[in-house]
Amino acid sequence: MDLDSLRAALEASPENIPLLLMVATALEDEFELDESREMLDRVLKLDPKNSSAQVSIARLIDLEGRTSEAVLRIEALLEKDKGCAAGWLLRSRLAFKEGEVTAARGYYEKAIEIDPSVSDESFLGQIIKSGGSSASEGKRAMVTTSGDFLEEPDDDEDPFSGLDAVAAHDLEMEFRVKADKKFEDVGGMEAVKEDIRMKIIHPLKNPDLFKAYGKKAGGGVLLYGPPGCGKTLLSQATAGEIKANFFSVGLHQVLEMYIGESEQKLHRIFELARKASPSVLFFDEIDALAADRRDLRGSAGRTLINQFLTEIGEEAENEGVLILGATNAPWHLDGAFLRPGRFDRLIFVPPPDQIAREEILRIHAKEKPVVSLEEAAVARKCDGFSGADLRAVFDRATESKLEEAMKKGKIIPVTGKDLIKSSRSVKPSTRKWFESAKNYALYANQSGFYDDVLHYLGIKK
Ligand SMILES: Nc1ncnc2c1ncn2[C@@H]1O[C@H](COP(=O)(O)OP(=O)(O)OP(=O)(O)O)[C@@H](O)[C@H]1O
Ligand SMILES: [Mg+2]
């Protein structure tokens, strides 16, 4: 939304507080600090206790170079409104700026405890890099009177030892994800859910039963399928279903490190998951790590691959740790990953069918102004669309409505008709995937790994 149309909308409804705040932010982005301040003062005239406006004013004052005044203001606000996440975040930034990294870390944690959506990974990364360790949970660490951390001696016999509690906590902060999703948050996909129940949930719940039949409950499960069809979402929901701790590892978090460091980090992540069992350790886009040796492009170093194979192998004590991987390109995986005891169960996550698409549309429609969704009709028009494509359909329709709403200064709901209209400008993204998948399934289908793809395409019964 550009500044001019925001200004025009404001002219139509000069007392609209959310709009005033938006204009203030847009002005701040343009470094029009005086005008931004003017907007915020207008908000306070209408609503003297408005916390968002007060936080923004403190930020402007800091931008003008008066940091200590900004600190005073924000502290006064937090005194009155302890639940103001944006306020704690700004307090954290100001502390960081003044070199108080440990305090900055504390304020940051407070902010995301109140509202996880204010989290800012790159800022947290800066704090951690500058040595801002967590004060709240460094269980084994002791705090000296000056506020510095003392490490307790480490008696771990681990080859990668030296991982003190504070570092472990930082690692946990980096990778732990709330497992608050359930299968009911995933629209449709009943066959996949059943597959997950059989291959993951029941084995974890009844390990003895599985042992009796000579099967192990551990090992890894690989979700594969076209992009945007819910692999990541299903993994989160699986963790929620089994009430396990969930650690999500994006491989860029491990790969972009110095040689030797990434192996160490990978090991620490596995240790973290083992200590927190029952847990799910999720590797998204695992093909980045496990690319075929011959496929040098984008492949991780050999030593990192070996480290990974050791961590998931039979020797490792992964009791109660479920290792989940997700990929769009299972055929790029090094064969060593798919051997028994490693990622030996594959689950195909297909594009949503009509019923799933209807349900996904209903899920996307929640918390948005929508009338006459007519999901059945919309879903019929969206054959071949992934969940992500469906969201794009929604986003496009909402955008044009929002523009209209701005001009008129009132909410104009989105309808099924709008969605059908915007669906014409979104290309279904799954077809392309099946074009390549089909070739691999037909010509490189060792041990019948891709039978599910062939079933889906109706090539194999
Ligand atoms: N069955 C579904 N129910 C509800 N939402 C869905 C469903 N499938 C996909 N989505 C939504 O579509 C988006 C993409 O899903 P997700 O990220 O899980 O796909 P993915 O298979 O992991 O994609 P990629 O291969 O690109 O990583 C998310 O916003 C997700 O919430
Ligand atoms: Mg994903």
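The following dialogue explains how several descriptions of this predicted model are reached.

Colleague: Why are helices H17 and H19 called oblique to each other?

Modeller: Helix H17 covers residues 354–365 and helix H19 covers residues 387–408; their axes lie 10 Å apart, at an angle of about 45 degrees. Angles under 35 degrees count as roughly parallel and those of 65 to 115 as roughly perpendicular. The angle falls in neither range, nor is it over 145, and H17 and H19 are therefore oblique. The crossing of the two helices is right-handed.

Colleague: Which residues make the contact between H17 and H19?

Modeller: H17 contributes Arg 357, Ile 360, Leu 361, His 364 and Ala 365, while H19 contributes Gly 387, Leu 390, Arg 391 and Phe 394. By class, this contact has 5 nonpolar, 2 polar and 2 charged residues.

Colleague: What makes H6 roughly antiparallel to H7?

Modeller: Helix H6 packs against helix H7, residues 101–114, at an angle of about 165 degrees, and the axes are 8 Å apart. An angle over 145 counts as roughly antiparallel, so the description applies to H6 and H7. H6 passes H7 in a left-handed crossing. On the H6 side the contact includes Trp 88, Leu 89 and Phe 96, and on the H7 side it includes Tyr 107, Tyr 108 and Ile 114. The classes in this contact are 11 nonpolar, 1 polar and 2 charged residues.

Colleague: How do H6 and H8 cross, and at what angle?

Modeller: The axes of H6 (residues 85–97) and H8 (residues 121–129) come within 12 Å and cross at roughly 35 degrees. This crossing is left-handed. Leu 89, Ser 92, Arg 93 and Phe 96 of H6 meet Phe 123, Gln 126 and Ile 127 of H8. There are 4 nonpolar, 2 polar and 1 charged residues in the contact.

Colleague: What makes the approach of Gly 187 to ligand 1 a polar contact?

Modeller: A polar contact needs a pair of N or O atoms within 3.5 Å. A backbone N or O atom of Gly 187 lies 2.8 Å from a nitrogen atom of ligand 1, so the pair meets that limit. Gly 228 has a backbone N or O atom 2.8 Å from an oxygen atom of the ligand. For Gly 230, the corresponding backbone atom lies 3.1 Å from a ligand oxygen atom.

Colleague: Which residues come nearest to ligand 1?

Modeller: Of the 18 residues around the ligand, Gly 228, Lys 231, Thr 232, Asn 328 and Arg 391 come nearest. Arg 391 also belongs to the contact that H19 makes with H17.

Colleague: How do you know that the peptide bond joining Ser 277 and Pro 278 is cis?

Modeller: Its omega is about 0 degrees, and the bond is cis. Pro 278 is found in the loop between helix H14 (261–275) and strand S6 (279–284). Most peptide bonds are trans.

Colleague: What is notable about the phi of Met 189?

Modeller: Met 189 has a positive phi of about 55 degrees, although it is not a glycine. Most residues other than glycine have a negative phi. Met 189 lies in the loop between strand S3 (176–177) and helix H10 (190–205).

Definitions and conventions. Residues numbered from 1 in each chain as written. Chains lettered and ligands numbered in written order. Predicted model: local features only at pLDDT ≥ 70, side-chain atom pairs only at ≥ 80, totals over all residues. Heavy atoms only, no water. Axes fitted to C-alpha atoms, helices over the stretch in contact; angles between N-to-C directions. Helix = DSSP H or I, 4+ residues; strand = E, 2+ residues; numbered from the N terminus. Left-handed = near helix turned anticlockwise from the far one by under 90°. Contact = heavy atoms within 4.5 Å. Nonpolar A, V, L, I, M, F, W, Y, C, P; charged D, E, K, R; others polar. Near = heavy atom within 4 Å. Polar contact = N/O pair within 3.5 Å; in protein donor to acceptor, adjacent residues only side chain to side chain.
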